[in-house]
Amino acid sequence: MYPASFEYFAPTTLDEALEIIGRYDEGEAKVLAGGQSLIPLMKLRFASPRALVDINGVSELDTMTEAGGGLRIGALTRHKECERSELLHGRFGALGDAAPQISDPIVRNRGTVCGSLAHADPQGDWGSVMLAVGADVEARGPDGARTIPIEELFDGPFTTTLAPSEVVTAVTIRDPGAKSGGTYMKLERKVGDFATVGVAVHLSFDNGTVGRAGIGLTGVGPTNVKATAAEAALVGATLDDATIEEAARLAAEAAEPHDDVRGTVEYKRNVVRVFTERGLRKAAEGSTS
Amino acid sequence: MTEVIAPLEGAITRPITIDVNGTPRSAVVETRLLLVHFLRETLGMTGTHIGCDTTSCGACTVLLDGVPVKSCTVFAVQAEGHDVTTVEGLESADGLHPIQQAFHTEHGLQCGFCTPGMMLTSAALLRDNPNPTDKEIRWALSGNVCRCTGYQNIVKSVHAAAAILTGEVS
């Protein structure tokens with residue numbers, strides 16, 4: 001399969017990348033990072049940008065650092081780096097558990113966390129993880145930098161609130177608190193397949209009760225779904241069996257799955273319920289003290 | 001240098017130089033040319049196979065600066081100035097690479113279509129982890145599909161290659 005023709009640019013600074021994007025009409029220039037979603041789309045001619053701005057040479061974007069109790073993951077951080085990172089355990093366990101479940105090992109060598117968020121596939125895993133743990137997307141455009149809370153990023157399937165002229169520069173994970181933990185559970189038919197269902201869970205504890213709860217769902221809605229009613233049922237509660245079961249029931253209710261080759265609506269809802277239950281128990285067990 | 005296919009007139013092109021198996025290879029290519037087509041068609045090196053063409057099967061795996069990538073999902077222009085290793089680059093003046101020897105002796109292939117990708121992914125694995133367990137081998141190779149389902153012998157081959165490379169056997 002051959003993509004349509006395009007102009008190719010390989011800038012070495014972000015300013016240069018933005019300047020090149022600015023030369024084109026809105027949406028005509030696309031940012032190429034890992035390319036593991038964009039290139040397949042171009043080969044299928046679902047996307048035919050006039051220009052590609054390859055940011056792989058923009059070294060300022062290749063960072064993953066601790067920042068203010070949270071983490072800052074730069075736009076060139078690949079899934080593989082997250083899989084191997086010593087930082088993504090304990091309080092950031094949801095990220096560490098998700099990384100090795102993204103696609104397959106060879107795709108993980110190339111694909112990026114921020115690229116996955118910008119692609120906004122409702123079956124993408126990172127969106128649910130970020131909704132659960134709490135994160136903000138940093139973007140730069142012709143008018144400067146801005147921060148988009150992850151709760152406001154996804155606008156629909158493969159659609160975000162990013163402007164076509166904006167480049168995602170990083171995603172920052174908010175400080176989850178001293179005693180917190182999380183996990184990501186994914187059901188897939190085989191390695192490399194999209195999730196039948198995925199559930200990301202994150203809990204922050206405050207004097208023995210739940211201070212903050214985050215639950216993100218994959219593959220069961222037009223975007224990654226934040227299960228807000230389930231989260232609200234957890235906040236302030238002691239994490240006993242009844243609370244866990246009620247939160248899991250509410251998470252399943254928040255899911256809006258479709259019947260497809262991967263399963264029926266009822267089946268997928270049940271997987272959300274079971275994964276939420278298991279995820280909450282695992283998040284509590286794995287939480288840092 | 002063999003240049004099998006030249007870009008059409010009026011196409012958007014770019015001159016590139018890629019170090020392929022230790023030799024700099026230069027050509028003027030269309031920006032949309034995929035790395036796998038650069039290897040197979042521009043350079044005439046057909047050791048790298050095209051399987052699914054949809055980033056799924058891993059038959060087209062090559063090493064880009066030592067890292068396994070699916071060459072059907074990287075543009076040739078992106079490899080400009082980088083090192084690419086293909087299956088043709090495994091063999092040296094001393095003969096077959098230990099991984100090739102092991103796939104041969106352990107019958108790690110049936111039809112052979114997935115083999116170049118399997119061997120390159122295995123080479124990167126053994127460089128990073130010289131003594132992998134069965135589970136680690138299966139995990140590392142989970143992005144490479146063998147339609148003959150010859151996985152048992154592929155895993156055996158990787159163990160055998162590890163033994164050669166660590167000097168346990170010659």
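This report describes the two chains of a predicted model, A and B, and the contact between them.

## Chain B: overall form

Chain B contains 5 helices and 5 strands. Along the sequence these elements follow the pattern β-β-α-β-β-β-α-α-α-α. The radius of gyration of chain B is 16 Å, close to the 15 Å that the globule rule gives for 170 residues, so chain B is as compact as a globular protein of that length. Taken along the principal axes, the C-alpha atoms of chain B fill a box of roughly 55 × 30 × 25 Å. Buried residues make up 48% of the 170 residues of chain B. Among the contacts in chain B with a separation of 6 or more, 58% are made by residues 24 or more positions apart.

## Chain B: two domains

The domain assignment splits chain B into domain 1, residues 13-89, and domain 2, residues 98-165. The C-alpha centres of domain 1 and domain 2 of chain B are 21 Å apart. Contact between these domains of chain B involves 16 residues of domain 1 and 11 residues of domain 2. On the side of domain 1 of chain B that touches domain 2 of chain B, β3 (61-64) and β4 (67-70) of chain B each supply at least two residues. The largest share of that side, 3 residues, comes from β3(B). By class, the side of domain 1 of chain B that touches domain 2 of chain B has 8 nonpolar and 8 polar residues, and no charged residues.

## Chain B: helix α1

Helix α1 of chain B spans residues 35-42; 7 of its 8 residues are buried, so α1(B) is largely enclosed by the rest of the structure. The buried residues of α1(B) are L35(B), V36(B), H37(B), F38(B), L39(B), R40(B) and T42(B). Strand β2 (23-30) of chain B is included in what covers these buried residues of α1(B). After α1(B) comes G44(B), which has a positive phi near 70 degrees.

## Contact between chains A and B

The contact takes 22 residues from chain A and 24 residues from chain B. On the side of chain A that touches chain B, the elements giving two or more residues are β1 (7-9), α2 (38-43) and α5 (105-108) of chain A. Helix α5(A) gives the largest share of that side, 3 residues. By class, the side of chain A that touches chain B has 12 nonpolar, 6 polar and 4 charged residues.

## Chain A: the five-stranded sheet

Chain A has an open sheet of 5 strands in the order β4-β5-β10-β6-β7, with antiparallel pairing. Its edge strands are β4 (64-67) and β7 (144-149) of chain A, each of which pairs on one side only. Direction ignored, neighbouring strands of this sheet are turned by 25 degrees against each other on average. Helix α1 (residues 14-22) of chain A lies across β6 and β10 (167-173) of chain A, and runs at about 130 degrees to β10(A).

## Chain A: strand pairs

The table lists three antiparallel pairs of chain A, with one pair of bridge partners for each.

| Strand pair | Bridges | Bridge partners |
|---|---|---|
| β6 (residues 135-141) and β7 of chain A, antiparallel | 6 bridges | R140(A) and A145(A) |
| β11 (residues 180-187) and β12 of chain A, antiparallel | 8 bridges | L187(A) and V197(A) |
| β12 and β13 (residues 209-218) of chain A, antiparallel | 9 bridges | F205(A) and V210(A) |

Strand β12(A) appears in two of these rows, pairing with β11(A) and with β13(A). Of the 10 residues of β12(A), residues 197-206, 9 are buried, so this strand is largely enclosed by the rest of the structure. The hairpin of β12(A) and β13(A) has 2 residues between the strands, and N207(A) takes a positive phi near 55 degrees there.

Notes. Residues numbered from 1 in each chain as written. Chains lettered and ligands numbered in written order. Predicted model: local features only at pLDDT ≥ 70, side-chain atom pairs only at ≥ 80, totals over all residues. Domains from an automatic or database assignment. Contact = placed C-beta atoms within 7 Å. Helix = DSSP H or I, 4+ residues; strand = E, 2+ residues; numbered from the N terminus. Nonpolar A, V, L, I, M, F, W, Y, C, P; charged D, E, K, R; others polar. Buried ≥ 20, exposed ≤ 12 C-beta atoms within 10 Å, placed from the backbone. Pairing = 2+ DSSP bridges. Axes fitted to C-alpha atoms, helices over the stretch in contact; angles between N-to-C directions. Rg over C-alpha atoms; globule rule 2.2 N^0.38 Å.
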